[in-house]
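Got the viewer open? Keep the selection panel handy and let's walk through this one stop at a time.

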Amino acid sequence: MEEAKTELHKITRISENQGVPVLIVANKQDLRNSLSLSEIEKLLAIGELSSSTPWHLQPTCAITGNGLKEGLEKLHDMIIKRRKMLRQQKKKR
Ligand SMILES: Nc1nc2c(ncn2[C@@H]2O[C@H](COP(=O)(O)OP(=O)(O)OP(=O)(O)O)[C@@H](O)[C@H]2O)c(=O)[nH]1
């Protein structure tokens, strides 16, 4: 988790990645000892990401497929929202 946290924050800090939406997949949620979403949020310090980075933390189970579609839909929503915002910003210039 420490390594994942470092990478997540490193990637999102890169200037060309500013504002790029992030989908964090919390897989294996069917297992008894899997980390909860709040534990993951805390361990990855997701709250410390730049306010310009939209993110979604999605619980999944890759075996049953639970949450996979929902996660991709959330990612799609964030991408569409960003595209709209960038288009509006371009128009204003
Ligand atoms: N119970 C459960 N097992 C899963 C899930 N997703 C993947 N696995 C199993 O986890 C094992 C490792 O999966 P890999 O795809 O090889 O993942 P990896 O990144 O190499 O290894 P991990 O760090 O264990 O995820 C495989 O046996 C998968 O079937 C899940 O949501 N629930």
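**First stop: the annotated site**

Select N27, K28, Q29 and D30: UniProt, in an unreviewed entry, lists these under "binding site". Bear in mind as you go that the model is predicted.

Now show the ligand and bring up what surrounds it: N27, K28, D30, L31, C61, A62 and I63. Colour that shell by residue class and you get 4 nonpolar residues, 1 polar and 2 charged.

**Zoom in on N27**

Centre on N27, which sits in the loop between β1 (22-26) and α2 (37-43). Is N27 buried or exposed? Neither quite: N27 has 16 other C-beta atoms within 10 Å, so it counts as partly exposed. Setting aside residues up to four places away in sequence, pick out T60 and A62, which N27 touches. A62 should look familiar, as it is also in the shell around the ligand.

**Slide along to Q29**

Stay in the loop between β1 and α2 and select Q29. With 18 other C-beta atoms within 10 Å, Q29 is partly exposed too. Which residues does Q29 contact, leaving aside its neighbours within four places in sequence? Light up S34, P59, T60 and C61. T60 is a contact of N27 as well, and C61 is one of the residues around the ligand.

**Swing over to helix α1**

Next, select residues 2-13, which form helix α1. Put a distance between the first and last C-alpha of this 12-residue helix and you should read 17 Å, close to the 16 Å expected at 1.5 Å a residue. Why does α1 lie largely in the open? Of its 12 residues, the number buried is 0.

For an example, click A4, which is found in α1. A4 counts as exposed because it has 12 C-beta neighbours inside 10 Å, and 12 or fewer is the cut-off for that class. Then draw a line from the C-alpha of A4 to that of L37: the two are 33 residues apart along the chain and 15 Å apart in space.

**Zoom out**

Finish with the whole protein chain in cartoon. You'll find 3 helices and 2 strands, running α-β-α-β-α along the sequence. Along its principal axes, the C-alpha trace spans about 55 × 25 × 15 Å. Colour by burial and buried residues come to 3% of the 93 in the chain. If you map contacts with a separation of 6 or more, 62% of them link residues 24 or more positions apart.

Technical notes: Residues are numbered from 1 along each chain as its sequence is written. This is a predicted model: local features need pLDDT of at least 70, side-chain atom pairs count only at pLDDT 80 or more; totals for chains, interfaces and linings use all residues. A residue is near a molecule or strand if its C-beta atom, placed from the backbone, lies within 6 Å of it. Ala, Val, Leu, Ile, Met, Phe, Trp, Tyr, Cys and Pro count as nonpolar, Asp, Glu, Lys and Arg as charged, and the others, Gly among them, as polar. Helices (H or I, at least four residues) and strands (E, at least two) are DSSP runs, numbered from the N terminus. The expected span of a helix is 1.5 Å times one less than its number of residues. A residue is buried if 20 or more other C-beta atoms lie within 10 Å of its own, exposed if 12 or fewer, and partly exposed in between; C-beta atoms are placed from the backbone. Two residues are in contact if their C-beta atoms, placed from the backbone, lie within 7 Å. UniProt positions are given in the numbering used here, feature names are shortened, and annotations may be inferred rather than shown by experiment.
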